[in-house]
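Here is a brief report on strands, salt bridges and surface charge. Keep the structure open while reading.

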Amino acid sequence: MEYFSTRNNHISLSFENIFLKGLSDEGGLFLPKKIKKFSNNELLSLKELSYEDLATEIISIFTGNFCSKKQLKEIVKKSYSTFSEKDVVKLRKIDDLQILELFHGPTLAFKDVAMQLIGNFYEYFLSKNSNKINIIVATSGDTGAAAIDAIKGKENINIFVLHPHNKISPVQRMLMTTNKSKNIFNIAINGNFDDCQNLVKQMFADRSFSKAINMSGVNSINWARIIAQTVYYFFCYFRIENNEKISFSVPTGNFGDVYAGYLAKKMGLPIDKLLVATNENDILHRAISKGDYKANQVKETISPSMDIQVASNFERLLFQIYDNNSEKIIEIMKDIKNNEFNLDEIALKKIQKDFLSESLNEKEILEIIKNVYKNYKVVIDPHTAIGVGAVKKIKKNNFVVLATAHPCKFPNAIFKSIEKKVDLPNHLKGILNQKEEYKVFQNDLESLKSYIKNNCK
Ligand SMILES: *Cc1c(COP(=O)(O)O)cnc(C)c1O
């Protein structure tokens with residue numbers, strides 16, 4: 001499989017290339033030149049597969065000769081052996097509520113599904129090459145913990161994680177900062193998530209710096225994350241017992257998870273609608289409902305993993321909507337940077353064929369957690385609540401809501417809503433008494449770069 005970039009459709013790179021780079025040199029995002037579409041018969045042949053076998057089939061389409069299918073299967077197996085659910089994910093149906101729980105990995109958010117795999121991709125690559133790699137990643141709370149768990153203790157690889165200082169939940173922070181592995185570096189930035197993401201993008205763009213440290217990225221723009229997440233859309237469809245089209249409600253921040261659903265649809269999975277569910281940082285809701293793609297100030301909410309205004313993966317959708325025209329995307333990205341982009345009528349119509357959107361405010365989120373607990377006796381986390389609430393708002397049934405995090409990661413919000421304490425699972429309780437280690441930095445590129453240079457492999 002060959003890949004090009006949303007900002008340069010002339011290049012041609014392998015999976016190995018684009019996996020290690022994360023972001024293209026000119027700042028674009030990677031996409032495969034062709035997307036395989038399954039026939040109905042092919043879909044049928046995937047129906048009975050275990051999660052691991054299904055993952056192997058789907059992911060191998062994209063990884064080409066990065067590794068053999070047999071090796072891939074081993075990598076997949078190893079990656080998901082860290083999950084507490086045998087099937088990796090768990091579909092929960094109670095009356096009209098259908099929830100796909102994606103948080104049974106080691107750090108209790110859906111980010112583990114992709115990140116465990118990525119950690120083992122790096123390990124596999126480094127076992128064959130004498131390189132050293134330094135990963136730099138920005139997190140709105142969950143990516144960092146998932147990446148740290150996936151990379152901890154691995155040889156020839158360091159990871160530097162930037163999180164917005166005091167803007168993630170204490171449990172989210174402790175899952176990262178209590179890890180004692182020598183190859184883990186936690187950095188709190190005085191700023192918000194967009195600032196963190198921006199610093200990482202600037203370091204990538206500084207070619208002499210990123211080359212010198214052999215920098216690699218695992219943010220949700222990394223294509224490997226998207227393909228790993230595509231798997232559970234298929235798995236869920238096969239476990240729902242009817243042959244109708246399926247729709248998903250997806251709590252959305254950086255547009256990575258919901259984009260994976262779009263990819264599944266492009267690959268022939270009978271998906272009707274993808275509902276983009278946002279919190280008060282509603283740029284994607286405004287864009288999808290009326291074409292208004294203007295960033296506001298980031299608001300802090302009780303769903304911090306979605307406190308984002310610059311939804312990086314949206315660029316992939318735009319590229320496809322505009323018929324792979326990278327000149328057009330370069331123009332659009334300039335307009336977005338100057339905060340003067342609106343979707344035109346034709347593009348909006350195309351997007352609305354596949355996507356719906358809704359947004360929930362803080363009060364509505366707390367209300368949904370309360371109602372779900374009252375009606376179904378299930379405690380859901382604030383992000384998942386946004387997915388549930390969005391379905392309520394559009395007054396439709398039959399949507400599967402992706403449950404993106406375990407409620408114990410957000411105990412304060414849960415307590416505020418239903419006055420209940422949700423405990424961490426036993427194996428994680430230890431983090432609450434351990435010493436935390438992280439450095440606090442100003443939102444300043446140069447001092448950060450010199451810290452990383454001094455500590456890199
Ligand atoms: C990251 C995250 C999201 C948002 O996912 P995107 O791929 O960035 O849209 C939603 N919920 C939780 C719990 C997350 O950690």
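How many of the residues of strand S6 (residues 133-138) are buried? Six of its six residues are, so S6 is mostly covered, with buried meaning under 20% relative accessible area. Note that this is a predicted model.

**Paired strands**

In a regular strand the side chains alternate between the two faces of the sheet. In S6, Ile133, Ile135 and Val137 point one way. Asn134, Ile136 and Ala138 point the other way, and all are buried.

S6 runs parallel to strand S7 (residues 157-164), and six bridges join the two. Two facing positions can be named. Valine 137 stands opposite valine 161 in S7. Alanine 138 stands opposite leucine 162 in S7.

S7 is largely enclosed by the rest of the structure, because eight of its eight residues are buried. Both of its faces are covered. One side carries Ile157, Ile159, Val161 and His163. The other carries Asn158, Phe160, Leu162 and Pro164.

**Salt bridges**

The count comes to 23 salt bridges. Three of them are tabulated here.

| Lysine | Acidic partner | N to O distance |
|---|---|---|
| lysine 73 | aspartate 53 | 3.0 Å |
| lysine 449 | aspartate 206 | 2.6 Å |
| lysine 349 | glutamate 345 | 3.8 Å |

Start with the salt bridge between lysine 73 and aspartate 53, whose closest N and O atoms are 3.0 Å apart. The pair links distant parts of the chain, 20 residues apart. Lysine 73 lies in helix H4 (residues 69-80) and aspartate 53 in helix H3 (residues 51-63). Lysine 73 is partly exposed, at 37% relative accessible area. Aspartate 53 also counts as partly exposed, at 25%.

Next comes the salt bridge of lysine 449 with aspartate 206, at 2.6 Å from N to O. This pair spans 243 residues. Lysine 449 is in helix H19 (residues 445-455). Aspartate 206 is in the loop between helix H8 (193-205) and helix H9 (207-212). Lysine 449 is buried, with a relative accessible area of 11%. Aspartate 206 is partly exposed at 22%.

Glutamate 345 and lysine 349 sit within helix H15 (residues 345-354). They are four residues apart, so about one helical turn separates them. Both are exposed. Elsewhere, salt bridges that share partners join Lys21, Asp25 and Arg207 into one network.

**Surface charge**

Lys37, Lys245, Lys266 and Lys353 form a positive surface patch. One of these, lysine 266, lies in helix H11 (residues 256-266). Lysine 266 counts as partly exposed, at 38% relative accessibility.

How values were computed
Residues are numbered from 1 along each chain as its sequence is written. This is a predicted model: local features need pLDDT of at least 70, side-chain atom pairs count only at pLDDT 80 or more; totals for chains, interfaces and linings use all residues. Side-chain values use heavy atoms; hydrogens and water are left out. Patches are made of residues with over 30% relative accessible area and no salt bridge: like charges are joined within 9 Å, nonpolar side chains (Val, Leu, Ile, Met, Phe, Trp, Tyr) within 5 Å. Accessible areas come from the Shrake-Rupley method with a 1.4 Å probe; for residues, only the protein chains shown count as cover. A salt bridge is a side-chain nitrogen of Lys or Arg within 4 Å of a carboxyl oxygen of Asp or Glu. Lys and Arg count as positive and Asp and Glu as negative; His and the chain ends are not counted. The place of a charge is taken as NZ of Lys, CZ of Arg, CG of Asp or CD of Glu. Buried means under 20% relative accessible area, exposed over 50%, partly exposed in between (1.4 Å probe, protein chains only). Two strands pair if DSSP finds at least two bridges between them.
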